[in-house]
Amino acid sequence: MKLTLIIAAIIIVLLLVFFTVIPVGVWITAIASVVKINIFSLVGMKLRRVRPAKIVRPMIKATNAGLKVKGNQLEAHYLAGGDVDNVINALIAAERAGIDLSFEQASAIDLAGRN
């Protein structure tokens with residue numbers, strides 16, 4: 001009886017640590033939205049103190065709009081202090097308007113402080 005309680009407590013603690021370190025909810029959201037991102041990439045983001053949702057949600061938006069962006073580009077822009085969501089919105093607006101705007105140009109404009 002005592003041993004089963006100890007084992008149950010250990011399992012609960014391990015599950016809590018697992019779901020705290022690994023953003024399973026964000027990963028499931030990405031998979032459901034047909035965004036290809038590895039669970040280990042999400043763990044790496046978490047270790048680099050990047051909120052995975054700040055990267056995955058704009059990736060979902062970009063994928064739904066038909067844009068090809070990479071997670072590492074978005075993460076690098078986030079780590080540089082940029083607003084990833086604004087960059088994706090600008091890329092979507094530029095594509096709809098027929099303006100040729102690359103991710104690098106949009107991120108440079110964002111980092112320069114222009115909207």
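Helix H7 is followed by Gly113, whose phi is positive, near 95°. Helices here are DSSP runs of H or I with at least four residues, strands are runs of E with at least two, and both are numbered from the N terminus. The description concerns a predicted model, in which local features need pLDDT of at least 70, side-chain atom pairs count only at pLDDT 80 or more, and totals for chains, interfaces and linings use all residues. Residues are numbered from 1 along each chain as its sequence is written, and side-chain values use heavy atoms, with hydrogens and water left out.

The confidence of the prediction is given by pLDDT, the predictor's score for each residue, from 0 to 100. The protein chain has an average pLDDT of 91, and 99% of the residues score at least 70. Confidence is lowest in helix H1 (residues 2-21), with a mean of 88, and highest in H6, at 95. Where pLDDT is low, the predicted coordinates should not be read in detail.

The helix that precedes Gly113 offers a starting point for the interior. Its buried residues are Phe103, Ala106, Ser107 and Asp110; buried means under 20% relative accessible area, exposed means over 50%, and partly exposed lies in between, with a 1.4 Å probe and protein chains only. These residues of H7 cover an arc of only 95° around the axis, which puts them on the same side of the helix. The arc is that of the directions from the helix axis to the C-beta atoms. An α-helix has 3.6 residues a turn, so residues three or four places apart point the same way. The cover over the buried residues of H7 includes H5 and H6, where contact means heavy atoms within 4.5 Å.

Ser107 illustrates this buried side. The residue is located in helix H7, which spans residues 103-111, and Ser107 counts as buried because its relative accessible area is 10%. Once its neighbours within four places in sequence are set aside, Ser107 is in contact with His77 and Val87.

The description now turns to the nonpolar interior. A nonpolar core is a set of buried Ala, Val, Leu, Ile, Met, Phe, Trp, Tyr and Cys residues joined through side-chain atoms within 4.5 Å. The largest such core has 27 residues, and those with the most contacts inside it are Leu74, Ile88 and Leu91. Two or more residues are given to this core by each of helix H2 (24-32), helix H3 (39-47), helix H4 (52-65), helix H6 (84-97) and H7. The largest share, six residues, comes from H4. Ile88 touches Pro58, Lys61, Ala62, Leu67, Val69 and Leu74, when residues up to four places away in sequence are not counted.

Another buried position is Leu42, which lies in helix H3. Leu42 counts as buried because its relative accessibility is 0%. Beyond its neighbours within four places in sequence, Leu42 is in contact with Pro23, Val26, Trp27, Ile37, Pro52 and Val56. Of these partners, Pro52 is 10 residues from Leu42 in sequence and 6.0 Å away in space, C-alpha to C-alpha.

Charged residues provide further links. Side chains of opposite charge can pair when their charged atoms come close. A salt bridge is defined as a side-chain nitrogen of Lys or Arg within 4 Å of a carboxyl oxygen of Asp or Glu, and by this rule the count comes to two. In one of them, Arg48 pairs with Glu75, and the closest N and O atoms are 2.5 Å apart. This pair links distant parts of the chain, with Arg48 in the loop between H3 and H4 and Glu75 in helix H5 (residues 71-79), 27 residues apart. Arg48 is partly exposed, at 44% relative accessibility, whereas Glu75 is buried, at 8%.

Lys61 forms a salt bridge with Asp85, and their closest N and O atoms are 2.7 Å apart. This pair also joins distant parts of the chain, Lys61 being in helix H4 and Asp85 in helix H6, 24 residues apart. Lys61 is partly exposed, with a relative accessible area of 30%, and Asp85 is partly exposed, at 31%.

Finally, two loop residues deserve mention for their backbone angles. Val34, in the loop between H2 and H3, has a positive phi of about 60° although it is not a glycine. Val34 is exposed, with a relative accessible area of 64%. Arg49, found in the loop between H3 and H4, has a positive phi of about 65° and is likewise not a glycine. Arg49 counts as exposed because its relative accessibility is 76%.
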